[in-house]
Amino acid sequence: MSKLTDFGKQRRETTKMVPVPSVSIMPERDLGSAPALECLHLGIEFGGLKAVDDFNVTVGKTEICGLIGPNGAGKTTVFNLLTKVYNPTHGTIMVDGKDTAGMNPAKVNQLGVARTFQNIRLFNTMTVEENVMVGLHNQRHCGLATSVLRLPHHWKSERWYHERALELLDIFDMTGLATHEAGSLPYGAQRRLEIVRALATNPKLLLLDEPAAGMNPSETADLMENIVKIRDTFQIAIMLIEHDMNLVMNICEGLCVLNFGKIIAKGTPEEIQQNEAVIEAYLGKQKGGEA
Ligand SMILES: Nc1ncnc2c1ncn2[C@@H]1O[C@H](COP(=O)(O)OP(=O)(O)OP(=O)(O)O)[C@@H](O)[C@H]1O
């Protein structure tokens, strides 16, 4: 891996990050509203192993925030906690100002948290459009009887689903693929479809787990633009886990670095690139010139 400090290219608009009273920083533009996410002393243990310990993070309503750290640091576990795949051993998760204690994954999704997975999890034998429609299901307005009896409202609702699915696919120029089987798409397109399906649930906070994994440089460059476009269009918060430092340093406004389950640094990309603890975690301790 190249040195963290090599990433000097500035594609991001200048975001003014300001300290917030509790535990973090957030974009100045988001100060007037409840954060999309607030984690307080969040933690989980697996048989004595503290996979995540005292995780405190605030993500502004329209912030793009990166969660980075070496392999096994606890990043995916944080996503599993935020989506309630795992129940925290300690701490509080607030989404859009609401405490998610006691909620299951479906409830948390309804509250506004959607995610993609490190290993793509599409419905491979369904079409691209059907995959997006699965995401839209929590916005279903017509009841079971209306659907079974095929009442007029059913057809209106079906039309709405179809149009909305195509609108969402258009974000990634994928409308032409709507009738294709999801499993037959090239890898990069499957990753994009997963993002569209997550967006279809109408999230306030979109969690992307290694969105650029397996993508070539040109696909990654397009993805970076699309992540910013999604944030701008939907005015939502995006938290992403990513090992591609070029992507992270260029589009994330706030960064949180985990190592062995603990936050070792938080700040802007510029601050993180200079942070000794982060450089050490990624590159190993430098002693007398030896790694
Ligand atoms: N269900 C579980 N049971 C036991 N240990 C777990 C469980 N889930 C995660 N862990 C442990 O928690 C630690 C953090 O794992 P996690 O997958 O969150 O790391 P990561 O930062 O996402 O790594 P990578 O970048 O390689 O994906 C690891 O030691 C892992 O083995």
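**Exposure, burial and the ligand shell in a predicted model**

Guide: In this predicted model, Asn202 has 17 other C-beta atoms within 10 Å and is partly exposed. Asn202 sits in the loop between α6 (187-199) and β9 (205-209).

Visitor: What makes Asn202 partly exposed?

Guide: A residue is buried at 20 or more such atoms and exposed at 12 or fewer. The value for Asn202 is 17, so Asn202 is classed as partly exposed.

Visitor: Why is Gln235 called exposed?

Guide: Gln235 has 10 other C-beta atoms within 10 Å. The limit for exposed is 12 or fewer, so Gln235 meets it. Gln235 belongs to the loop between α7 (217-234) and β10 (237-241).

Visitor: How do you know that Asp170, in helix α5, counts as partly exposed?

Guide: Asp170 has 13 C-beta neighbours inside 10 Å. Because exposed requires 12 or fewer and buried 20 or more, Asp170 falls in between.

Visitor: Why is α1 described as largely enclosed by the rest of the structure?

Guide: Seven of its eight residues are buried, so the description of α1 follows. The buried residues are Lys75, Thr77, Val78, Phe79, Asn80, Leu81 and Leu82. Helix α1 (residues 75-82) also gives the most to the shell around the ligand, with three residues.

Visitor: How many residues of each class does the shell around the ligand have?

Guide: The shell has three nonpolar, seven polar and one charged residues. Among the residues around the ligand are Phe46, Ala51, Lys75 and Gln118. Lys75 is charged because Lys is counted in that class, with Asp, Glu and Arg.

Conventions
Residues are numbered from 1 along each chain as its sequence is written. This is a predicted model: local features need pLDDT of at least 70, side-chain atom pairs count only at pLDDT 80 or more; totals for chains, interfaces and linings use all residues. A residue is near a molecule or strand if its C-beta atom, placed from the backbone, lies within 6 Å of it. Helices (H or I, at least four residues) and strands (E, at least two) are DSSP runs, numbered from the N terminus.
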